[in-house]
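Please find below my notes on the model you sent round, set out as numbered points for your consideration.

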Amino acid sequence: MGTAVRQPEVQAPSREPRDYRFPPGFQRNLIWYALRKFRPVNPIVLFQHLAETYGDIAHYKIGRHHIVFLNHPEYIREVLVVQNDNFIKERTVQRSKMLLGEGMITAEGAEHRAQRQTAQPSFHRQRVAEYGSIMVEEACRNRDSWRAGEQRDIAADMMHLTLNVVARTLFATDLRQEVYELAAAINRIMGLYNFLVMLPAAEWLVHLRPPGLAAFVRARNRIDAVVYRMIDGHRRSGLDRGSLLDLMLAASPANDEASRQSLRDQVITIFLAGYETVANALSWTWYLLSQNPDCELRLHDELERVLQSRLPTTEDVPRLRYTEMVLAESLRLYPPAWAMGRYARNDFALGDFFLPARTTVLISQFITHRDPRYFPDPPRFDPDRFSAEGKSRRAKFTYFPFGAGVRQCIGESFAWMEGVLILATLAQKWKLRLVPGHRVEPQPLITLRPKYGMRMQVELR
Ligand code: HEM
């Protein structure tokens, strides 16, 4: 696995430009337009503008490159599910190979299928249930170390907490102090992310190491060092604990440089995909609860009723219905995976439109989850939207925080289990209040982070 990777082929457009039928959109080329109207470039502002102006589907060009932005459940289903064979991941994802290498998120075709198959047993519902006690144990470490009245950056706390959970559950590794080193290096990279994605030929520049990118390379080396220590330690111990890392090692028995690098790519991908997303979801949830005391009260009532002061366990999760609804509504308003992109391999049709191969298709959870046609009064935090009745009323593909189709998030059950158990464990003892004057602003990087962290005061309930 992981050496000579064959990418699915991408064709050239087969027709003359006039033979395609493009959706409505910008008449001018976006390079010119973006510079004037959308500076500093924030893709969410651009997507909002496209959805408000053109509705379900919009078209624009950057240079010679066609881009369509979708905001309708039928189009979204077409691309992610019905015609998924015709699409690979788009350039931003390709760019993230600089960090992730050829892991499950970035791999295509046979390589992707092989990696997904290897990892699948670790994400099976039953296996995930076994991780519950570690999730609660890690949450308890936070719960017991917080002090009433202190102010903390809850976003940083959630990052450290979920990093430890992924390391212990999936990789049977206790990171402890290394967690801070890892989180700091990843933060460094996130800070450079937008810059790297926009930069022409960034992949090549990374190898040449110009001064501006030296920080990226240093941070990546620090992450690699932690990951290689984990892999080598596991190999040396010779023990098979049945973890995801053991499955990966078994599927890649050679210890040559190419296999080592492939393993590193696979491990780092699960690490990043598995901790940032959940940490952000939790940070946004604490913020939303602090702004909606009625919902917070209902959450506390449920915790008392179901748990009666004992710690939660995996078996409690199905009965913590309101806790799950709070998390679901938070994933609607602040979806950690805020957008997804695909790149067409061949010409394709979408509704009445006919588009050329090499078109980029963009879909944004942040935008569709806030469309008043599907979620009336979108900015209102209302967990009841996710009651059984609320869910049954809503059209499919209007809410998709975990994506859809063959590339749907492999960690979805893991994330629900972890999110509910961490919320329940911490909210049993503490409530969090935003520090007055702290600025809260979503920053769309690889995931949707609170740009200035989340400074909150810890209060006993
Ligand atoms: C709230 C938490 C999470 C959210 C919102 C989320 C969201 C997503 C989304 C939207 C995708 C699909 C991306 C695309 O199709 O372009 C995805 C893929 C993926 N996620 Fe998650 N995720 C979460 C948690 C996790 C966890 C806990 C793990 C692992 C421990 C994980 C591992 C992955 C992997 C490996 C993929 C790639 C799957 C593939 O391409 O086959 N995610 N995630």
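The points below cover the basis of the model, its nonpolar cores, one helix pair and the iron site.

1. This is a predicted model, in which local features need pLDDT of at least 70 and side-chain atom pairs count only at pLDDT 80 or more, while totals for chains, interfaces and linings use all residues. Residues are numbered from 1 along each chain as its sequence is written, and side-chain values use heavy atoms, with hydrogens and water left out.

2. The largest nonpolar core (buried Ala, Val, Leu, Ile, Met, Phe, Trp, Tyr and Cys residues joined through side-chain atoms within 4.5 Å; buried means under 20% relative accessible area, with a 1.4 Å probe and protein chains only) has 114 residues, and those with the most contacts inside it are F171, F271 and W286. Helix α13, residues 257-291, gives the most to this core, with 16 residues; helices here are DSSP runs of H or I with at least four residues, numbered from the N terminus.

3. Leaving aside residues up to four places away in sequence, F171 touches, among others, M230, H234, L245 and F271, where contact means heavy atoms within 4.5 Å. Apart from the largest core lies another, of 19 residues, including L70, I76, L80 and A404.

4. Helices α13 and α14 (residues 293-307) pack at an angle of about 110°, with their axes 5 Å apart, and are therefore roughly perpendicular to each other, a label for angles of 65 to 115 degrees. In this contact, L289, S290 and Q291 of α13 meet P293, C295, E296 and L299 of α14.

5. The iron atom of the ligand has C409 (SG) as its only protein donor, at 2.3 Å, donors being N, O and S atoms within 2.8 Å of the metal (3.2 Å for Na, K and Ca). C409 sits in the loop between α17 (388-393) and α18 (412-427).

Key
Buried means under 20% relative accessible area, exposed over 50%, partly exposed in between (1.4 Å probe, protein chains only). Helices (H or I, at least four residues) and strands (E, at least two) are DSSP runs, numbered from the N terminus. Axes are lines fitted to C-alpha atoms, for helices over the stretch in contact, and angles run from 0 to 180 degrees between N-to-C directions. Angles under 35 degrees count as roughly parallel, over 145 as roughly antiparallel, 65 to 115 as roughly perpendicular and the rest as oblique.
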